[in-house]
Amino acid sequence: MLAWAIVPVLALGCQAQDPLAGLPRPKTSPHQAQWFAEQQPSPTSPAQAQAGDLVSTWQGPSGQGIRVVVRLPVEDAKRPVLTVRAARADEDASPLLQAALDAARQTGAQRIVLEGSRYRLQLNAKLAAHLVIEGLSDLTLDGRGASLILSGMGDGIRIRQSERVRLSNLTIGYDARCSSLAVTRRDGDRVVLVVDARHPVTASTPLHQVTEYDREQRQWVPGGKRVILPPDSATPARLIAPQTYHSTAFSRLPVGSTFAVFHSWYQGAAIRIEDEPGPKQTQDVTIDHVKIASSPGMGVLAYGLKRGLALVNSQVQADEGLTGNPLSTNYDALHVLISGGDTLVRNNLFADQGDDAINLSAPQSPIVSVDEAGAGLTLSKYSRFLRAGQALTLVDPQGQVAGNATLAQGPLARGGLLNRVVVTPALPEAKAGWSIRSLALQGGRFDIEGNRFERFNGHAVLAQQARGRVHANRVNAINRNAVRLLTDTGRWNEGAGAIDVAVTDNQFDNTAIDEIPGIPWAVITAYGGGKNGLVEGAVNADLLIARNTVRRAQQGCITVANSLRATIQDNTCVDTNLRTPRAPSIQVDRSSQVVVKGNRRQGDSTGGVTARESQSTRIEAD
């Protein structure tokens, strides 16, 4: 075992003067301290669990008991069960299923059962969805192993104004060209991309991203080359010959390498929950024994959920034989952006997707302009979800809460993503480029437990909410580091910080790298992101990172930055820092009240333990 490299060291129980005294303290505002102490979601779900509901409880790092509840449909033998006949191979089955949903709404049916094995659904262009579940409660859609094959770039199943809805025993996939595999070739003085013949493309098939991919191992190349071409790209890819694309941006790709190709730009989720705040806002959706075989966008997207989402016993995994697409989802497998909390993700498999597996985020609305001495604000994205009477916080570019107010008027649409609001009291400190958070739109209470993550081009978990845990999961062969605990005010303008969050008893093998500069990356990284790397102040609080095993990591083992009150205990780091041997394996940065103890480090590449710009940090040698 390597000796500790500790800067500085303070043995537990020692009464010596704190060797960190005199170093800069993390710049934590009084309002941010109040945010940590008082303005988090309740640790206990407001839902009252009934027999059979999904419930998870544990003690958070703060010492509070946390309770997640997702209500299941209430069954009643007096309510009817509806069946949907088998569909013909050439039949658009959307009317069959939509009629069954309409009948369930009229009759109060408790269950819809599919009798066929495969249903092809055409996209409803007006709704931009294949199937809509709306205005229903206490309903189970039971596929009994059936597959829903979706035709076009749009949402698969969209859910709104419904409660206690369960999707079970289904496979969902798109037979539209969502993804393909390709190889770069030299064509005279230019580089072209030749798509495999088994993935047919035409001149109308767009190309939006290529990422280096090892087709033999079915996984992304760590640190591989990537080109992203959004719809407004100045260098779009065009089909210049059968199965052959060209873009001047391809010149930076290595010739003869193989790539995974995205043919969509966030064009629909296999399951999308989208609703507006109000008395009928969707809550308690359970996705149980569902396989998502392909999607042009996200797998499951929650964007306006009141509370209550369970993804259990399911798979996000490619099935090229069924859909013709080699990837599962082009973007995140599960993305929860606007939700009141109670998110349970248990016993699932996440594989083959083009981005992160799980992103539990929270919205920030960037300020575009300020008037009336801070009483009037014009806000950008997500501001349409704000409602009068909501409590708001003002967030500066360092992630610090700089003031509090109440939404008095608005939002008033100003075109595009812009909305004007009036707040009371005024926020004279507000500036363009700062952000507004609504307390009503912050998620919390989440449990990510017993899942497997493997072979995809992103992170396993981004936790940007409060009151949660990442527990007893297994992660192998992903193309980024595994767990981020954070909020970001620089690149993404999202998240509220990881507060009262535990990462415990997980196993991480063969993780790759993050490339954003200015952040001391590790397999588990707690941090605050700004425009130039780490922010100055604490944005996370009350963290426990314990009993995890990390093996064969390209970057560090554990980093805790921009955090208040954290414990890093009894973790095992084996053969970490492979990209930069003997770089620090465990790092504490711009944090306060961090305890590091009982951790084991093994392997020639694994480095030591460092602390910088931190106060009241205790590191125990082992």
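**View 1. The lining of the second largest pocket has 8 nonpolar, 8 polar and 3 charged residues.** Welcome to a predicted model, seen here in a series of close-ups. This second largest pocket has a volume of about 340 Å³. It is lined by 19 residues, and those closest to its centre are Lys306, Gly340, Leu439, Ala440 and Leu441.

**View 2. The largest pocket has a volume of about 1,300 Å³.** Here 44 residues form the lining, with Tyr266, Asp332, Asp355, Asp356 and Trp492 closest to the centre of the pocket. Two or more lining residues come from each of strand E13 (209–214), strand E15 (226–228), strand E21 (300–305), strand E24 (334–339) and strand E39 (483–488). Look to E39 for the largest share of this lining, 3 residues. By class, the lining residues of the largest pocket are 16 nonpolar, 15 polar and 13 charged.

**View 3. Tyr266, one of the residues closest to the centre of the largest pocket, has a positive phi of about 50°.** Tyr266 has this positive phi although it is not a glycine. To find Tyr266, follow the chain into the loop between strand E18 (258–262) and strand E19 (271–274). Its relative accessible area is 45%, so Tyr266 is partly exposed.

**View 4. Ser616 is another residue with a positive phi that is not a glycine, here about 55°.** The loop that holds Ser616 runs between strand E52 (609–612) and strand E53 (618–619). Ser616 counts as partly exposed because its relative accessibility is 36%.

**View 5. Gln283 sits in strand E20 (residues 283–292).** With a relative accessible area of 14%, Gln283 falls under the 20% cut-off and is therefore buried. Leaving aside neighbours within four places in sequence, you can pick out its contacts with Ser162, Glu163 and Arg164, and also with Leu305, Lys306, Arg307 and Gly308. Lys306 may look familiar from the first view, where it is among the residues closest to the centre of the second largest pocket.

**View 6. Helix H1 (residues 30–38) has Gln32, Trp35 and Phe36 buried.** These buried residues lie on the same side of H1, because they cover an arc of only 95° around the axis. Turn to the other side of H1 and you meet Pro30, Ala37 and Glu38, which are exposed. Packed against the buried residues of H1 are strand E30 (391–395), strand E31 (401–415), strand E33 (435–438), strand E40 (499–504), strand E44 (540–546) and strand E47 (563–569).

**View 7. A cis peptide bond joins Gly410 and Pro411, with omega of about 5°.** Pro411 belongs to strand E31, and E31 is one of the strands against which the buried residues of H1 pack.

**View 8. Thr424 and Pro425 are also linked by a cis peptide bond, and omega is near -10°.** Pro425 is found in the loop between strand E32 (418–424) and E33. You have met E33 before, among the strands that pack against the buried residues of H1.

**View 9. Helix H2 (residues 94–107) has 14 residues and reaches 20 Å from its first C-alpha to its last.** That reach is close to the 20 Å expected at 1.5 Å a residue. The buried residues in H2 are Ser94, Leu96, Leu97, Ala100, Leu101 and Ala104. Their cover includes strand E4 (81–84), strand E5 (111–114), strand E6 (118–121), strand E7 (129–134) and strand E8 (137–150). Just after the helix, look for Gly108, which follows H2 and has a positive phi near 75°.

**View 10. Thr235 lies in the loop between E15 and strand E16 (238–241).** E15 also appears in the second view, as one of the strands that give two or more residues to the lining of the largest pocket. Thr235 has 27% relative accessibility, so it counts as partly exposed. Not counting residues up to four places away in sequence, Thr235 touches Leu229, Ser247, Thr248 and Ala249. For a sense of scale, try Ala176: it is 59 residues from Thr235 along the chain, and their C-alpha atoms are separated by 24 Å.

Definitions and conventions:
Residues are numbered from 1 along each chain as its sequence is written. This is a predicted model: local features need pLDDT of at least 70, side-chain atom pairs count only at pLDDT 80 or more; totals for chains, interfaces and linings use all residues. Side-chain values use heavy atoms; hydrogens and water are left out. On a 1 Å grid over the protein atoms alone, a cavity is a set of points where a 1.4 Å probe fits but cannot get out, and a pocket is an open set with protein on both sides within 12 Å along at least five of seven lines; lining residues have an atom within 4 Å of a point. Grid points are joined across faces, edges and corners, and a volume is the space filled by probe spheres set on the points. Helices (H or I, at least four residues) and strands (E, at least two) are DSSP runs, numbered from the N terminus. Ala, Val, Leu, Ile, Met, Phe, Trp, Tyr, Cys and Pro count as nonpolar, Asp, Glu, Lys and Arg as charged, and the others, Gly among them, as polar. Buried means under 20% relative accessible area, exposed over 50%, partly exposed in between (1.4 Å probe, protein chains only). Contact means heavy atoms within 4.5 Å. The arc is that of the directions from the helix axis to the C-beta atoms. The expected span of a helix is 1.5 Å times one less than its number of residues.
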